[in-house]
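Let's take a friendly walk through this model, from its annotated domain to a sheet and the charged pairs around it. Have the sequence and the 3D view at hand as you read.

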Amino acid sequence: MQYDVIVIGSGPGGYVGAIRCAQLGLKTAVIEKYSTFGGTCLNVGCIPSKALLDTSEHYHNAAHNFEAHGIGLSNLKIDVKKMIERKNDVIAQNTAGITFLFKKNKIDAYEGVGSFIDKNTIKVTKKDGSTEELKAKNVIIATGSKPTALPFLPIDKKRIITSTEALNLQEVPKHLIVIGGGVIGLELGSVYARLGAKVSVVEFAKSILSTMDGGLGKELQRVLKKNLGMEFFLGHKVTGATTKGKKVTVTAEDPKGQEISLEGDYCIVSVGRTAYTEGLGLENIGIKTEERGNKIPVNEHLETSVEGVYAIGDVVKGAMLAHKAEDEGTYVAERIVGQKPHIDYNLIPGVVYTWPEVASVGKTEEQLKDAGVKYKSGSFSFKASGRAKASGDTDGFIKVLADTETDEILGVHMIGPRAADMIAEAVVAMEYRASAEDIGRICHAHPTFTEAFKEAALAATANRAIHA
């Protein structure tokens, strides 16, 4: 078969890129090694984890917060099996949606492992060992990533597990040890802490969410400790983990070099993700991956060193985010047909779906200080928000960073209720290079959580927040 474009991988980058290619009139095929579309995000990542986060949030609110609203419950319990079944149903609905979109856009789908014979010829190796060859003018590599393993810490997928296995536990752990204080570890730790597990987070850095604005990690740690009883071992270097029966023992060195030991019944290893290129046959077309992270080198147009071969998403440089991959898929599709698309990587928001949620876009205070940029900062606490008081969600704040001279917004960092949705206003504002004054002048509906953004912007402009 001859195609204009073959996309290898059907995750957010791959399926969005394929659909955009088809919309632009390109004859398009997708190769997916698994039996369902959607990649990590839809099958074992973003979507199933949010399903579990929602269930656990409902349970936690019923157990701890309903009484304040005058709602009384007795004999409250969690049916873990039903929770997992619901999560699986959510996955099925979403993956079926991708199948529908492929058919609607007349995209051919092949199940199997796609590998390069040459830059225009892709071999599809199916589960039964049979093969098929496809031809294409352009190829988009969208094979995503897999959880990073520590060489000294073998993952048995039973007691020492990754995020994938954590989405299918059949019981609430008594003591869950999480190695890694990043997004994945904190989200999954939150799920089981809300359901009653003791959760211990071991993190090598001196703070959780170490890549985000420093104030966000500090506040989230305080709230997770206060509300969920999570404990944190920061600045600790994990040295090993062993299992014996139903017990896992994790050893680590504290900041002073003293060894500590934690015993639990499950341990999640969530120390990041590594680009997945296994079986692609990149060596057949002369592409070498980077030593660090196994990523595929690309130019500013996401084209590899081989003309007509592109790579997007987790398999290339930059943040490993589904929405970043989607934008890159669209970018490459439009580039192939001669359009002039654009992505501003500074304005790709990052979100942590704990509660309160954490969201960020633009530069952090640490980055601005390192770059010597003169900036002003304005913050507003949800404790002073009427809407937050009404819902009982008063933890957190919104911080606006603006240029001292021009007042242009350089970064927005928020931790609070529905921050994942609220960050979109900040992204739009920054895309149009709005000033903090602009946001302060825009009328925000009352009572809403987004008023806190307006107040933070006012605080950044001559410290004139009204409700602070």
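Which residues does UniProt list for "domain: FAD/NAD(P)-binding"? The unreviewed UniProt entry gives residues 3-329. Bear in mind that this is a predicted model. Over residues 3-329, helix makes up 31% of the chain and strand 27%, and the C-alpha atoms at the two ends lie 17 Å apart.

**A five-stranded sheet**

Let's turn to an open sheet built from five strands, in the order E18-E19-E22-E21-E20, with antiparallel pairing. Its edges are strand E18 (350-352) and strand E20 (375-381), each of which pairs on one side only. On average, neighbouring strands in this sheet are turned by 10° against each other, direction ignored.

At the E18 edge, three bridges connect E18 with strand E19 (residues 357-362), and the two run antiparallel. If you would like a spot to zoom in on, Gly-350 has Ser-360 in E19 as its bridge partner.

Helix H11 (residues 419-431) lies across E18, E19, strand E21 (397-403) and strand E22 (409-416). Relative to E19, helix H11 runs at about 10°.

**Charged pairs**

Side chains of opposite charge can pair when their charged atoms come close. In this model the count comes to 17 salt bridges. Three of them are set out here.

| Salt bridge | Closest N and O atoms |
|---|---|
| Lys-399 with Asp-213 | 2.6 Å |
| Glu-132 with Lys-126 | 3.2 Å |
| Glu-357 with Arg-418 | 3.9 Å |

Where do the partners Lys-399 and Asp-213 lie? Lys-399 is in strand E21, while Asp-213 is in the loop between strand E10 (198-203) and helix H7 (214-228), so this pair ties together parts that are 186 residues apart in sequence. Lys-399 is buried at 8% relative accessibility, and Asp-213 is buried too, with a relative accessible area of 1%.

The pair of Glu-357 and Arg-418 also links distant parts of the chain. Glu-357 sits in strand E19 and Arg-418 in the loop between E22 and H11, 61 residues apart. Is Glu-357 buried or exposed? Glu-357 is buried, with a relative accessible area of 7%, whereas its partner Arg-418 is partly exposed at 37%.

In the remaining pair of the table, Glu-132 counts as partly exposed at 26% relative accessibility, and Lys-126 is partly exposed with a relative accessible area of 32%.

Finally, salt bridges can be followed beyond single pairs: Glu-219, Arg-222, Lys-226 and Asp-395 are linked in a network.

Note on methods. Residues numbered from 1 in each chain as written. Predicted model: local features only at pLDDT ≥ 70, side-chain atom pairs only at ≥ 80, totals over all residues. Heavy atoms only, no water. UniProt positions renumbered as here; feature names shortened; annotations may be inferred. Helix = DSSP H or I, 4+ residues; strand = E, 2+ residues; numbered from the N terminus. Pairing = 2+ DSSP bridges. Axes fitted to C-alpha atoms, helices over the stretch in contact; angles between N-to-C directions. Contact = heavy atoms within 4.5 Å. Salt bridge = Lys/Arg side-chain N within 4 Å of Asp/Glu carboxyl O. Buried < 20%, exposed > 50% of the residue type's maximum accessible area, 1.4 Å probe, protein only.
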